[in-house]
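Trainee: Before we set up any calculation on this complex, could we go through how the ligand is held?

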Amino acid sequence: MGSSIFDQYVEKRKNITKNKQVLLTTYVPNILPHRTAQIERIASIISSALNGDKPSNIMVYGKTGTGKTAVLNYIGKELRKADENEEKCKYIYVNCEIVDTPYSVLFNIGNQIIVEDSRRIPFTGWSFEKVYSEIVNYINNMNKVFIVVLDEIDKLIDRKGDDVFYYLAKINENLESSKVSLIGISNNMKFMELLEPKAKSRLGGESVIFPPYSKDELEDILRERVKEAFDENVIEDSVISYCASIGAKVDGDARVAIDLLKTAADIAERNGDEKVQEAHVKSAKNSIEFDIVSEAIKTLPPQSKLVLIAVIKNVESGNSSMTTGDVYKAYQSLCGMIGTSVLSQRRIGDLIGELDSLGLITASIRSFGRAGRSRIIELNINKMIIENFKQDPTFKFLESYRHPSQMRLV
Ligand SMILES: Nc1ncnc2c1ncn2[C@@H]1O[C@H](COP(=O)(O)OP(=O)(O)O)[C@@H](O)[C@H]1O
Ligand SMILES: [Mg+2]
């Protein structure tokens, strides 16, 4: 084999992980610390399916990264162990974020049940009602309990697709020997209030809450992962507590903590380091933030991009804490350069508020004594992110911009 530009990396690279799979978000761990209460509660409710009875419907609530999906997948695996050939019950998992129309929800459920190719539900072409009655006919006399898990169920509401719950909840009225029970998973505690009354009354059942993880709980979760993922003594203790403290700050999100650990390990491996240290976590944090913030900027509406550019232009001309008026002046000249319509100062004030809630800028009210109160705006993103934003077509177009204060009055 000849030499290659990759040799230097391959040589430098040290493998410190024994099983990287374990750190992927798709991995379902066998041990879920601090979720025993939720697991037992859900398992005890759906256990009646093993006796052929219909379990109550369940709503699971909790913020992102609190283990809802992991727990419900784990329960599905355990149920399968208790009923190996799916004689008594069938567990059906649907992610409504991906499967996002009422038709595709039914299509997905139906095709997890229907085995004969000739009876499969087509991807398009049928009415919603036809798919529904096909499923009813198919399962009607199977004498089985179907447990349908609808993950990210609140996403369907945003898309006005909540009729499907109503249909699924009333399906039992049309069934003879089979039964369907529903488990909805929502990030939004107010999910029930968002439902149409007719769906709400049918969907009601038990609620199970997944609270955010504390720092200590996240440490336990990470420690279990570390055992499976890495060789011994590769992860320094401070790394676990550091990742856990950041996860705890971000709404007790286990995904944040695990991602951070994974990225830190990737960085250590790439550097050829033998241990993962706090410094690796710090650079992991920066690189994850970089991706998240850059993505947030990339997807801003054009007018908001202009407002952000106006803030950056102020900072670059030496005005690092500015008023709404300063932003507005810069914004107006930017609009002039592009030839786009100029929004009112009030509307720009709203957009400034939105950029503030995204964390890209900070807009705080300051009092100036008798002069009254005014908003002071500061830029919150680092140099690297600004440089990256400068590659954006809008920004590139404005390269020849001159700040109002630099323009000479004639
Ligand atoms: N108690 C736990 N023990 C081990 N891993 C967990 C636990 N809770 C969450 N995780 C892991 O954290 C990540 C996010 O969890 P997930 O179930 O997707 O959260 P949610 O569905 O609530 O947003 C996943 O990788 C999951 O495996
Ligand atoms: Mg989830």
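Trainee: Which residue has a polar side-chain atom 2.8 Å from an oxygen atom of ligand 1?

Mentor: Bear in mind that this is a predicted model. Polar contacts are pairs of N or O atoms within 3.5 Å, and an oxygen atom of ligand 1 has such a partner at 2.8 Å in a polar side-chain atom of Thr 69.

Trainee: How much of the area that ligand 1 exposes when taken alone does the protein bury?

Mentor: Taken alone, ligand 1 exposes 550 Å². Ligand 1 sits in the largest pocket, and the share of its area buried by the protein is 96%.

Trainee: Which residue has a polar backbone atom 2.7 Å from an oxygen atom of ligand 1?

Mentor: The backbone takes part at two places, one of them Pro 33, whose N or O atom lies 2.8 Å from a nitrogen atom of ligand 1. The polar backbone atom 2.7 Å from a ligand oxygen belongs to Gly 65.

Trainee: Where does ligand 1 lie relative to domain 1 (35–210) and domain 2 (213–297)?

Mentor: The shell includes two or more residues from each of helix 3 (68–82), helix 10 (215–229) and helix 12 (254–271). Because both domains give residues to this shell, ligand 1 lies between domain 1 and domain 2.

Definitions and conventions
Residues numbered from 1 in each chain as written. Chains lettered and ligands numbered in written order. Predicted model: local features only at pLDDT ≥ 70, side-chain atom pairs only at ≥ 80, totals over all residues. Heavy atoms only, no water. Polar contact = N/O pair within 3.5 Å; in protein donor to acceptor, adjacent residues only side chain to side chain. Areas by Shrake-Rupley, 256 points an atom, 1.4 Å probe, with all protein chains shown as cover. 1 Å grid on protein atoms, 1.4 Å probe; cavity = no way out; pocket = protein on both sides within 12 Å on 5 of 7 lines; lining within 4 Å. Sits in = over half its atoms within 2 Å of the grid points. Helix = DSSP H or I, 4+ residues; strand = E, 2+ residues; numbered from the N terminus. Domains from an automatic or database assignment.
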